[in-house]
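This report goes through one protein model, from its core outwards to its loops and its confidence values. Please keep the sequence and the structure in view while reading.

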Amino acid sequence: MESNKVSKGKILTNGIIKENPVFRLVLGTCPTLAVTTSALNGISMGLAVVFVLVCSNMMISLLRKLIPDIVRIPAFIMIAATFVSIVDMVMAKYLPDLYKTLGLFIPLIVVNCVILARAEAFASKNTVIDSALDGLGMGFGYTISLCIIGVIREFLGSGSFFGMEISFLQNTAMTIFVLPAGGFLIFGMVMALVNHITSCVETSKKGETKKRDLIERVVQKETETNVRIDVVNKILTDDKSSLDITKEVNELKKDIKPLNHEVDKDGNNNGVINENSNKDSDAKNSKEDK
């Protein structure tokens, strides 16, 4: 992918909508299902991935020409592990409760498919700024996906919203949605809905593109037809003018012919020669007229 042919805005929004890592590319499914028992957990995990993704993308882009191809995957993992360690230590120090909730899934960000996929597919082939934008887009897309699943599971399974209990749902909450089975169910339903909406939008865009192409073809054909008509009219006009000119030339030649006879009366041979030349010229003119 060559970033110089793609706008910055498209790079940023690509991971949020068109190539959403969870619902469209189906990457990082394990932590997605494991930590989305609540909306707060989903957002926290998503923000951690955003930090690691942006920083690792920028570092890999800076070092892309120095890393040999044969060891690029281990190098990508080492770079990602550096930033994951920073996140792990900061959360353990300042957010111990959240750190305990997320548990092992923070260190496992190192081998998250989203991190390695963007490092291999984009960061190793593009500039630092474009890689940072790609990391932001993919990270926000991942965070939004986890938040959506977390809100639905928390609402249906625990009867709460971002930790705030909803009284009329406490007695009707279905615990299955907090369990892995409910996570798979919600994940599949949301993915199907997102893919359906995306396919409808893409279909409508293709229809509009076909309409535009058809209109352009019709306009082009009309333009070509008008040009041809103009050319034909011009040719016909030129033919009429050439015919008028040839008629005038023939009339002048008829007027000139008797004058030549009068001038050559004194010399018979000259008259004969002039007559023969006039006959030859008339013959040539008649051929040209034809």
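## Nonpolar core

In this predicted model, the largest nonpolar core is made of 39 residues. The residues with the most contacts inside this core are F23, V52, I106, I109, I115 and F187. At least two core residues come from each of helix 2, helix 3, helix 4, helix 5, helix 6, helix 7 and helix 8 (180–263). Helix 4 gives the largest share, 8 residues.

F23 can be followed in detail. Leaving aside residues up to four places away in sequence, F23 touches S145, I149, F187, V190, M191, V194 and N195. F187, one of these partners, is also listed among the residues with the most contacts inside the core.

## Helix 4

Which residues of helix 4 are buried? They are A75, F76, I79, A80, F83, V84, V87, D88 and M91. The cover over these buried residues includes helix 3, helix 5 (96–102) and helix 6 (113–121).

The length of helix 4 can be checked against its residue count. Helix 4 covers residues 72–94, which is 23 residues, and at 1.5 Å a residue the expected span is 33 Å. The C-alpha atoms at its ends lie 34 Å apart, in agreement with that expectation.

## Helix 1

Helix 1 (8–18) has I11, N14 and G15 as its buried residues. Viewed down the helix axis, these residues fall within an arc of 75°, so they line one face of helix 1. Their packing partner is helix 7 (128–157).

The face of helix 1 turned away from the buried side carries K10 and I17, both exposed.

## Positive phi in the loops

Two residues other than glycine have a positive phi here: V26, near 55°, and F162, about 50°. V26 sits in the loop that runs from helix 1 (8–18) to helix 2 (29–35). Is V26 buried, partly exposed or exposed? V26 is partly exposed, at a relative accessible area of 40%.

F162 belongs to the loop between strand 1 (160–161) and strand 2 (164–165). With a relative accessible area of 33%, F162 is partly exposed.

## Aromatic pairs

Searching the whole structure gives 3 aromatic pairs. One of them joins F161 and F162 in an edge-to-face arrangement, with 4.8 Å from centre to centre and 80° between the planes. The angle qualifies because edge-to-face applies to planes over 60 degrees apart.

F162 therefore appears both in this pair and among the partly exposed residues. Its partner F161 is partly exposed as well, with a relative accessible area of 37%.

## Confidence

The mean pLDDT of the chain is 80, and 74% of the residues score at least 70. Where is confidence highest, and where is it lowest? The highest value is found in helix 3 (residues 39–62), with a mean of 94, and the lowest in helix 9 (residues 268–289), with a mean of 48.

Over residues 262–277 the pLDDT is below 50, and this stretch makes 5 contacts in the model beyond near neighbours in sequence. Another stretch, residues 239–243, also stays under 50 in pLDDT. For residues 239–243 the model has 0 contacts beyond four places in sequence.

How values were computed
Residues numbered from 1 in each chain as written. Predicted model: local features only at pLDDT ≥ 70, side-chain atom pairs only at ≥ 80, totals over all residues. Heavy atoms only, no water. Helix = DSSP H or I, 4+ residues; strand = E, 2+ residues; numbered from the N terminus. Buried < 20%, exposed > 50% of the residue type's maximum accessible area, 1.4 Å probe, protein only. Arc of directions from axis to C-beta. Contact = heavy atoms within 4.5 Å. Phe/Tyr/Trp six-rings, centres within 6.5 Å; stacked < 30°, edge-to-face > 60°. pLDDT = per-residue confidence, 0-100. Expected span 1.5 Å × (residues − 1). Core = buried A, V, L, I, M, F, W, Y, C linked by side-chain atoms within 4.5 Å.
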